[in-house]
Amino acid sequence: MKKKVVALMMTAVMAFSLAACGSDGGSSSTSSTGSSAGETASASSEAGTSGTENTSGGGEASVDGSGDWISSSDVEDDALPGENDDRAFAKFDHVVEVHYGYQVNPVDTTLPDGDSVDDNQYTRYLLENYNIKVVCDWTAGNTSDFQQKVSLCIASASLPDAVIAPNRNYLVQAARSDLLADLWTEFNAYSSKQVKEIIETTEGRAISNATVDDVFTALPNITVDTDGVYIYFIRQDWLDQLGLEVPKTVDELGAVAQAFMDAGLSKDYAIAGIDNGGRTYSNFLNSSNNGYGFDAVYQAFNATPGYFLRDDNGELYWGTTTDEMKEALTTLHDWYAKGLINPEVGTTTNGDNANNVKNGTCGIFMGPWWSLGYGNGDSFKTDNNANWQAYPLYTNDGEWNIHMKDVGTTYTMVNKNASDDVKKAIVIMNNVLVRDESIFDTSVAIDWYPLRNVMAATDECEYEYDALMSVIKGESTVEDYQQGGSKFNGLYKNLANDVATMGEVISADYDGSRPLAVTDMDVNTNNGQFNRLYAILIGDRPYATIEPDNKIYSELYYTIDGMETYWTQVSDMEDQAILQFITGAKSLDEWDKFCSDWHAQGGDQILELVEEFLAE
């Protein structure tokens, strides 16, 4: 199977270089035009566009006779993102309903009164501009509930028209249960030029990830590399108040956390942690976006838990069962015993781990770039001068280790019974999200966009950081980054808006000669944009300006045939044991037994399967 998938991936790469649950999916559209990849762009235009006419002379908007991908450069009439791109942004001549299941944040307060998951600025935009009406058949309030709901839908063969697979395991299960549509036709014919350019940046990996047994089964998630780069966030104003230096190592961070407690700045605890159902580190299946985990600590001990790695002799091993991991857990337990870590770590629900961050009584937490700004927005409303800053955590030898994420971890699955119109509508919804995300009212959480499954160029945040700073320093102008400007690049979908609105948030007195601080910004005037710019210019500053010493990749980022027999048991055992080691419910004297149990209860079989798979 692997060889076939790789062959498909290489075909795509060659083309690039050359140029409760829900409805059964069968009745989601009020009518069907029978659109398919074989139709011309002008036929799509007849279904309704925003008044523009395709002048391609009838060029095919489809896969060619061999089934290969048509890259963005092969469709010359497609305008730059934001102009025409007629097929990709066609408006149906009738209302097409798309039924879906979704995870909704139960503590989000950004949705205006009267709005709902089915009726908000995003759903109204889709209906008014594209005649796409989204209907949410069910919601789940947290990650574990959502995963359980998706599993139930797969087991009962009752998927709605579309749902986000939390990781590739769910995608494979649904595909091999014959529940999913083959999306290659619609995806190839109706993806926007911008989406195709983003896909091309992954050099075939995104297409390969979304392919199960030679069938392209889902829209792949593509996220920025920095989503998997874990750093720590700290109240710089507290450091300054106490006359303390920025911590660089784990020991220094622990000492500062204790100082925050001793000074009464941190009330109940100094370091926030995960909720119930969360993981203290990312793993190969979920390699990014682990908010409030302790990944930065593990990396500072040269530990990479949850990854398939090779030692100096080329032998495959599991990153959790190492001496370095035990050292990291020993420190985390020490912090917990001293009261530095949230005493309810791993047991709180619905975002309660972040409460003390929000109310200004916790001074340290960890996560990826967006955790700062996007992730702790309420803390700035509580205190406009809460100067959160982001820093790497180094080993005692002064090295910054980062584990590298997969291309993306989630997938938009589509029911095989969905009509052609519904499949096309889902692709168009994805195009719209990628192109228009930045034009919406950013005070309303973008997660309310239905079926939001991010596609972004892998270096988007670093590119934006450099561009924004160049404007701040006077090296370029706002106009340079607008459409038609000398530095405009439609691949970076939010850049033009971010540059244009920067002046609403960042003081004109700030010239970039020193690190940006919250006191250089207006927290309230355009709060949604403040959150974004804070995340990019402060949250992503470490990765944008410092070259890591070691980038560590897992040998594999998804499960393979045969692994399911063992994975659930060893994974559940591992998750439970690691949290117990931190809290002291399990003594670290039992570490060797834990490692032995991991290997004996299925770990050895998993390693053998992975080794055989990689050798094919």
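**Figure 1. Strand 7 in the predicted model, a strand largely enclosed by the rest of the structure.** Strand 7 spans residues 231-235, and because 5 of its 5 residues are buried, the strand is largely enclosed by the rest of the structure. The side chains alternate in direction, with I231, F233 and R235 pointing one way from strand 7 and Y232 and I234 pointing the other way, and all of them are buried. Strand 7 is joined to strand 10 (residues 364-367) by 4 bridges, the two strands running antiparallel, and strand 7 also pairs with strand 11 (residues 388-391) in the antiparallel sense, again over 4 bridges. I234 shows both pairings at the level of one residue, since its bridge partner in strand 10 is I364 and its bridge partner in strand 11 is Q389.

**Figure 2. Helix 12 and its buried side.** Helix 12 comprises 15 residues (323-337) and reaches 21 Å from its first C-alpha to its last, close to the 21 Å expected at 1.5 Å a residue. Within helix 12, the residues M325, A328, L329, T331, L332 and W335 are buried. These buried residues cover an arc of only 160° around the axis, which puts them on the same side of helix 12. An α-helix has 3.6 residues a turn, so residues three or four places apart point the same way. The buried residues of helix 12 pack against helix 10 (250-262), helix 11 (295-300), strand 10, helix 20 (564-583) and helix 21 (591-615), whereas the face turned away from the buried side carries the exposed residues D323 and A337. Helix 12 is followed by G339, which has a positive phi, near 80°.

**Figure 3. D540, a buried residue in the loop between helix 18 and helix 19.** D540 lies in the loop that separates helix 18 (527-539) from helix 19 (541-545), and the residue counts as buried because its relative accessibility is 0%. When neighbours within four places in sequence are left aside, D540 is in contact with T226, W369, C461, E462 and A535. With T226 the side chain of D540 also forms a polar contact, side chain to side chain, of 2.7 Å. D540 and Y465 are 75 residues apart in sequence, yet their C-alpha atoms are 7.7 Å apart in space.

**Figure 4. E504, a partly exposed residue of helix 17.** E504 belongs to helix 17 (residues 495-505) and, with a relative accessible area of 39%, is partly exposed. Leaving aside neighbours within four places in sequence, the contacts of E504 are with D522, T525 and N526, and the side chains of E504 and N526 make a polar contact of 2.9 Å. The C-alpha atoms of E504 and M521, which are 17 residues apart along the chain, are separated by 8.7 Å.

**Figure 5. N169 in helix 5, with the protein chain as its setting.** N169 lies in helix 5 (residues 168-176) and counts as buried because its relative accessibility of 16% is under the 20% cut-off. Not counting residues up to four places away in sequence, N169 touches L285, T559 and W567. For the wider setting, the protein chain has 21 helices and 14 strands, and 57% of its 616 residues count as buried. The accessible surface of the protein chain comes to about 23500 Å², with 44% of that area belonging to carbon and sulfur atoms.

Terms used. Residues are numbered from 1 along each chain as its sequence is written. This is a predicted model: local features need pLDDT of at least 70, side-chain atom pairs count only at pLDDT 80 or more; totals for chains, interfaces and linings use all residues. Side-chain values use heavy atoms; hydrogens and water are left out. Buried means under 20% relative accessible area, exposed over 50%, partly exposed in between (1.4 Å probe, protein chains only). Contact means heavy atoms within 4.5 Å. Two strands pair if DSSP finds at least two bridges between them. A polar contact is a pair of N or O atoms within 3.5 Å; within protein, one must be able to donate a hydrogen and the other to accept it, and residues adjacent in sequence count only if both atoms are side-chain atoms. Accessible areas come from the Shrake-Rupley method with a 1.4 Å probe; for residues, only the protein chains shown count as cover. The expected span of a helix is 1.5 Å times one less than its number of residues. The arc is that of the directions from the helix axis to the C-beta atoms.
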